[in-house]
Amino acid sequence: MSSPFPYETFASDDTFYGRIKEIHKILNFAEQSNNLVIYSKRRLGKSSLIKETFRDKKEYLFIYCDIFDIASKEDFARKLINSLPKAFTYDVKKVFSQLNKLFKRINLSYTADPISGKISLKPELTALGYDDMIEEFFTAIFELAKKQKIVLAIDEFQEISQIKDTKIDARLREYIQIKNNISYIFLGSKRHMLNSLFEYKAPLFEQATPLLLEPLDIEDIYKFTSKHLNISKELVEYIFDLCAGETKLMQHIYHILYQNYKRKEISQELVHLSLKEIINAKSSAYKIIYDTFSLNQKKAFKILSKYKKNIYTKELLYEYNISKDSMQSSLKALYKREIIDKEDDIWFIPDRAFEIWGERF
Ligand SMILES: Nc1ncnc2c1ncn2[C@@H]1O[C@H](COP(=O)(O)OP(=O)(O)OP(=O)(O)O)[C@@H](O)[C@H]1O
Ligand SMILES: [Mg+2]
């Protein structure tokens, strides 16, 4: 049997656990065709949650669009259109004829996945500009919304703020404001970028209700993990604290425990062995990133990973031979590079495994 603890792929169906309240809340919003912004720290489970919420929910046409790697407004529009054929679960021929009727300027062709052989639809978009593509997409979904409730989930939504030559949010506002059967769900993890898209006077201000995703509930984690491992609740709590609640790192530890010690009683020692295996495997990648830091940035990163909140004490600055000013400017530089993050004016390293590596290295 494959591992019940995915840590690199999305959790779904029998590997997904907990989140009952969140699923209920999201469905309530979708039911009313209201809009949501779901945000959290990285790797807590936003993408898994939204996919699981609408898995097998036949009453919705669930369109999922991940825009993490867009570099232009055209990329954004292309992603939207490409996500549409994938949203249908029924026969590809039927989807072909349905979408062909809806699209005026887009031709569809069949393609086969070279590995699985699975047939899917590919929209031909080379001749179309941004405005045309956006219009085609929204005309199509508005037409579909006459017959069925639609959920359009745009993941890593903060990326639209990186596109400087046009205001994608202002364009989206025009469509979002039209009341119909569509619920828009925006997901993202870079809080400051996401905030700026929904703040006062921004085009999307008050267009969606924020929902902060918290870490998984410890009781839910225990209920699931103890089905597959001989583990105590205390140890589940211990792992939760060790990982600062980061779902992905917890799942990775459980995966290794499951692979190596499925039949054993899990102890702190086995947890530490598993964590060590993870950090060792990631170490060379982290080292490459770390080596791109300036000397002062290296010091600032080390201090932050080891001492968290108390980073400006005289003793520390003296020990690391760095001034308060240099420390501050180095942290700012690391923030710009998205190595570290800030919440309520407190710096932190969002990748818990990287932070642990920094504590130890
Ligand atoms: N409810 C859950 N049950 C089991 N595993 C989960 C759950 N939520 C998340 N995971 C696991 O944790 C990992 C991270 O989840 P996911 O990618 O959904 O998080 P995310 O918040 O979208 O992360 P990112 O910030 O990188 O986009 C995944 O491997 C996923 O399988
Ligand atoms: Mg995600």
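At what angle do H11 and helix H15 pack, and how far apart are their axes? I'll get to that in point 4, after the domains, the ligand and a neighbouring topic.

1. A caveat to start: this is a predicted model. Please read each of the points below with that in mind.

2. On the overall layout, the chain splits into domain 1, covering 20-212, and domain 2, covering 218-360. Their C-alpha centres sit 33 Å apart. Where the two touch, domain 1 puts in 6 residues and domain 2 puts in 5 residues. If you look at the domain 1 side of that contact, you'll find 4 charged residues, along with 1 nonpolar and 1 polar.

3. Now for ligand 1. It has 24 residues around it, and the closest are Ala11, Gly45, Lys46, Ser47 and Ser48. Two elements give two or more residues to this shell: helix H2 (46-54) and helix H10 (247-261). Both domains take part too, with at least three residues of the shell coming from each of domain 1 and domain 2. As for chemistry, the shell around ligand 1 has 10 polar, 8 nonpolar and 6 charged residues.

4. Back to the opening question. H11 (residues 268-290) packs with H15 (residues 352-360) at about 85°, and the axes are 10 Å apart. So H11 runs roughly perpendicular to H15. On the H11 side you have Ile278, Ile279, Lys282, Ser283 and Tyr286, and they meet Ala353, Phe354, Ile356 and Trp357 of H15. Sorted by class, this contact of H11 with H15 comes to 7 nonpolar residues, 1 polar and 1 charged.

5. H11 also has H10 as a partner, and H10 is one of the helices from the ligand 1 shell. The axes of H10 and H11 come within 9 Å of each other and cross at roughly 115°. That angle is why H10 counts as roughly perpendicular to H11. The crossing of H10 past H11 is right-handed. From H10, the contact uses His252, Ile253, Ile256, Leu257 and Tyr261, while H11 brings Leu270, Val271, Ser274, Leu275, Glu277 and Ile278. By class, the contact of H10 with H11 has 8 nonpolar, 2 polar and 1 charged residues.

6. One residue to click on while you have the model open is Ile278 of H11. Ile278 appears in the contact with H10, and Ile278 also appears among the H11 residues that meet H15.

Definitions and conventions: Residues numbered from 1 in each chain as written. Chains lettered and ligands numbered in written order. Predicted model: local features only at pLDDT ≥ 70, side-chain atom pairs only at ≥ 80, totals over all residues. Near = placed C-beta within 6 Å. Helix = DSSP H or I, 4+ residues; strand = E, 2+ residues; numbered from the N terminus. Nonpolar A, V, L, I, M, F, W, Y, C, P; charged D, E, K, R; others polar. Domains from an automatic or database assignment. Axes fitted to C-alpha atoms, helices over the stretch in contact; angles between N-to-C directions. Parallel < 35°, antiparallel > 145°, perpendicular 65-115°, else oblique. Left-handed = near helix turned anticlockwise from the far one by under 90°. Contact = placed C-beta atoms within 7 Å.
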